[in-house]
Amino acid sequence: MTELISSPKVEFIYTPVANYAIQQNRIPIIRKLVIENPSDIDLLNITIKIKSEPDFINSWEHRIETEVQGLKLLANFFSELTEKLSGDIILSIYSNDNILFVKNYNVDILAYDQWNGIGTLPEMIAAFVTPNHPEISKVIQVASKILESWTG
């Protein structure tokens with residue numbers, strides 16, 4: 001008689017918004033991943049796979065470890081994005097090549113110049129300061145002329 005393997009219990013905490021500022025500041029998109037085997041059957045050869053749709057992270061595959069390392073947001077994807085997208089992080093868990101768990105987690109993927117607001121990581125607003133932007137020198141030139149007219 002074969003026993004059925006029950007699905008693992010998964011706690012998956014992630015940042016539900018991704019943009020260029022988050023990528024450039026190396027904010028981890030996966031905050032916590034805990035997998036628990038509720039059955040009495042030992043699970044062997046466990047593989048965890050994480051990918052995204054669209055491909056805004058590098059696909060990640062690994063044996064169970066204590067933390068998710070090496071999963072990175074893709075800079076080129078975010079630097080070229082001009083409109084908000086809805087995407088997914090797809091978490092898959094396998095034992096001996098048998099699928100135990102698959103779930104999609106929604107992510108708002110923002111354009112490089114969009115701030116996610118105060119709901120998620122409000123401190124990221126500081127990442128939108130661009131002191132080297134070419135338009136800054138134009139503003140400084142206009143401001144200096146105004147100041148000169150006021151002060152002589």
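Me: Buried means under 20% relative accessible area. With that in hand, how many of the residues of strand E6 are buried?

Reply: Nine of eleven, in a strand that spans residues 85-95, which makes E6 mostly covered. Keep in mind that this is a predicted model.

Me: Noted. Which strands does E6 pair with?

Reply: E6 pairs with strand E4 (residues 46-53) in the antiparallel sense, over eight bridges. E6 and E7 also run antiparallel, joined by eleven bridges.

Me: Give me a residue pair for each. What stands opposite lysine 51 in E6?

Reply: Isoleucine 90. On the E7 side, leucine 85 has isoleucine 109 as its bridge partner.

Me: How many residues sit between E6 and E7?

Reply: Two, and the strands form a hairpin. Asparagine 96, in the turn, has a positive phi of about 50 degrees.

Me: Now the whole sheet. What is the strand order?

Reply: E2-E7-E6-E4-E5, an open sheet of five strands with mixed pairing. The edges are strand E2 (17-18) and strand E5 (60-63); each has a single partner strand, so one side of each lacks a neighbour in the sheet.

Me: In which sense do E2 and E7 pair?

Reply: Parallel, over two bridges, with E7 covering residues 98-109. Valine 17 is found opposite aspartate 108 in E7.

Me: Switching to aromatics. How many aromatic pairs are there?

Reply: Six. One of them is phenylalanine 12 with tyrosine 105: the ring centres are 4.2 Å apart and the planes meet at 40 degrees, so that pair is tilted.

Me: Where do phenylalanine 12 and tyrosine 105 lie?

Reply: Phenylalanine 12 is in strand E1 (residues 9-14) and tyrosine 105 is in strand E7, so the pair ties together parts 93 residues apart in sequence.

Me: Buried or exposed, phenylalanine 12 and tyrosine 105?

Reply: Both are buried. They also form one aromatic cluster with Tyr14.

Me: What sits over the ring of tyrosine 94?

Reply: The charged end of lysine 49, at 4.5 Å from the ring centre.

Me: And isoleucine 30, which strand is that in?

Reply: Strand E3, residues 30-36. Isoleucine 30 has 11% relative accessibility, so it counts as buried. Its C-alpha atom is 6.5 Å from that of threonine 15, and the two residues are 15 apart along the chain.

Me: Last topic, pockets. What volume does the largest pocket have?

Reply: About 340 Å³. Its lining has 14 residues, and those closest to the centre are Arg26, Ile27, Leu71, Lys72 and Leu73.

Me: Which element gives the largest share of that lining?

Reply: Helix H1 (residues 20-24), with three residues. By class, the lining of the largest pocket divides into eight nonpolar, four polar and two charged residues.

Me: And the second largest pocket, what volume?

Reply: About 200 Å³. The residues that line the second largest pocket are Tyr20, Ala21, Gln24, Asn25, Tyr112, Asp113, Ala127, Phe128 and Thr130.

Me: How many of the lining residues of the second largest pocket are nonpolar?

Reply: Five, alongside three polar and one charged.

Definitions and conventions:
Residues are numbered from 1 along each chain as its sequence is written. This is a predicted model: local features need pLDDT of at least 70, side-chain atom pairs count only at pLDDT 80 or more; totals for chains, interfaces and linings use all residues. Side-chain values use heavy atoms; hydrogens and water are left out. On a 1 Å grid over the protein atoms alone, a cavity is a set of points where a 1.4 Å probe fits but cannot get out, and a pocket is an open set with protein on both sides within 12 Å along at least five of seven lines; lining residues have an atom within 4 Å of a point. Grid points are joined across faces, edges and corners, and a volume is the space filled by probe spheres set on the points. Helices (H or I, at least four residues) and strands (E, at least two) are DSSP runs, numbered from the N terminus. Ala, Val, Leu, Ile, Met, Phe, Trp, Tyr, Cys and Pro count as nonpolar, Asp, Glu, Lys and Arg as charged, and the others, Gly among them, as polar. Two strands pair if DSSP finds at least two bridges between them. Rings of Phe, Tyr and Trp (its six-membered ring) pair if their centres lie within 6.5 Å; planes under 30 degrees apart count as stacked, over 60 as edge-to-face and the rest as tilted. Buried means under 20% relative accessible area, exposed over 50%, partly exposed in between (1.4 Å probe, protein chains only). A charge sits over a ring if NZ of Lys or CZ of Arg is within 6 Å of the ring centre and within 35 degrees of the ring normal.
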